[in-house]
Amino acid sequence: MELPVREEELQEIEELCSAATPGPWHVRTLNDDSAMNLVAVSTVPGAGAGGRWPDFDHRDLVAATLVQHPRYVDVGDECWDENAAFVAMARDAVPRLVEEVRRLRALLADKDEGEGVSA
């Protein structure tokens, strides 16, 4: 059985989030002669499916879940879009979840103090 997340772990997660490129992040599908259906995570939303170079700035891309030509990034289960959506969502969700864990812990601590329970 996993032990509860320690405060030190929450701090590490928070530090990683703070150090990462600011959000929000968006899923982008880029398509050109080189990228060939590149599925990426970007700091700016796409203008629609199939953006082509040079109409996008490579500096806006944070991660890729599919690079087909050459086949640099791929995953066996073919969940490229789902993985990109997860990464993009995590940028905002993880810091919020850390805050929520701390908020709930504070509520529990206040409740325990009110009932005279010591931890």
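1. Start with strand 2. Leu38, Ala40 and Ser42 point one way from this strand, while Val39 and Val41 point the other way. All of these residues are buried. Strand 2 is thus described as mostly covered: five of its five residues are buried. In a regular strand the side chains alternate between the two faces of the sheet. Keep in mind that this is a predicted model.

2. Overall layout. The protein has two helices and three strands. Along the sequence the pattern reads α-β-β-β-α. The protein has 119 residues, and 20% of them count as buried. Its accessible surface comes to about 8,600 Å². Carbon and sulfur atoms hold 57% of that surface. Among contacts with a separation of 6 or more, 47% are between residues 24 or more positions apart.

3. The sheet. Three strands form an open sheet, in the order 1-2-3, with antiparallel pairing. Strand 1 (26–30) and strand 3 (61–66) are the edge strands, and each pairs on one side only. Neighbouring strands are turned against each other by 30° on average, with direction ignored. Helix 2 packs on this sheet and touches strand 1, strand 2 and strand 3. The direction of helix 2 makes about 5° with that of strand 2.

4. Pairing in detail. Strand 1 and strand 2 pair in the antiparallel sense over five bridges. Strand 2 and strand 3 also run antiparallel, joined by four bridges. Ala40 is a useful residue to follow across the sheet. Arg28 stands opposite Ala40 of strand 2. In strand 3, the bridge partner of Ala40 is Ala64. For Val41, the bridge partner in strand 3 is Ala63.

5. The largest core. Which residues make up the largest nonpolar core? There are seven: Trp25, Val39, Val41, Leu66, Trp80, Ala84 and Ala88. Strand 2 and helix 2 (80–114) each supply at least two residues of this core. Helix 2 gives the largest share, three residues. Val39 and Val41, both in this core, point one way from strand 2, opposite to Leu38, Ala40 and Ser42.

6. Leu66 and the other core. Leu66 belongs to the largest core. Beyond its neighbours within four places in sequence, Leu66 is in contact with Asn37, Leu38, Val39, Val73, Asp74 and Trp80. Val39 and Trp80 on that list are also members of the largest core. Apart from this core lies another one, of six residues. Its members include Ala35, Leu38, Phe56 and Val67.

7. Ser42. This residue sits in strand 2 (residues 38–42). Is Ser42 buried or exposed? Ser42 is buried, because its relative accessible area is 0%, under the 20% cut-off. Leaving out residues up to four places away in sequence, Ser42 touches Pro24, Trp25, His26, Arg28, Asp60, Leu61 and Val62. One of these, Trp25, is part of the largest nonpolar core. The C-alpha atoms of Ser42 and Arg59 are separated by 8.7 Å. Those two residues are 17 residues apart along the chain.

8. Polar contacts of Ser42. What does the side chain of Ser42 reach at 3.0 Å? The partner is the backbone oxygen of Val44. The side chain of Ser42 also makes a polar contact with the side chain of Arg28, at 3.2 Å. Arg28 appears in the pairing too, where it stands opposite Ala40 in strand 2.

9. Gln68. This residue lies in the loop between strand 3 and helix 2. Why does Gln68 count as buried? Gln68 counts as buried because its relative accessibility is 18%, and the cut-off is under 20%. Outside residues up to four places away in sequence, Gln68 touches Ala35, Met36 and Asn37. Ala35 is also among the members of the six-residue core. Asn37 is in contact with Leu66 as well.

How values were computed. Residues are numbered from 1 along each chain as its sequence is written. This is a predicted model: local features need pLDDT of at least 70, side-chain atom pairs count only at pLDDT 80 or more; totals for chains, interfaces and linings use all residues. Side-chain values use heavy atoms; hydrogens and water are left out. Buried means under 20% relative accessible area, exposed over 50%, partly exposed in between (1.4 Å probe, protein chains only). Contact means heavy atoms within 4.5 Å. A polar contact is a pair of N or O atoms within 3.5 Å; within protein, one must be able to donate a hydrogen and the other to accept it, and residues adjacent in sequence count only if both atoms are side-chain atoms. A nonpolar core is a set of buried Ala, Val, Leu, Ile, Met, Phe, Trp, Tyr and Cys residues joined through side-chain atoms within 4.5 Å. Two strands pair if DSSP finds at least two bridges between them. Axes are lines fitted to C-alpha atoms, for helices over the stretch in contact, and angles run from 0 to 180 degrees between N-to-C directions. Accessible areas come from the Shrake-Rupley method with a 1.4 Å probe; for residues, only the protein chains shown count as cover.
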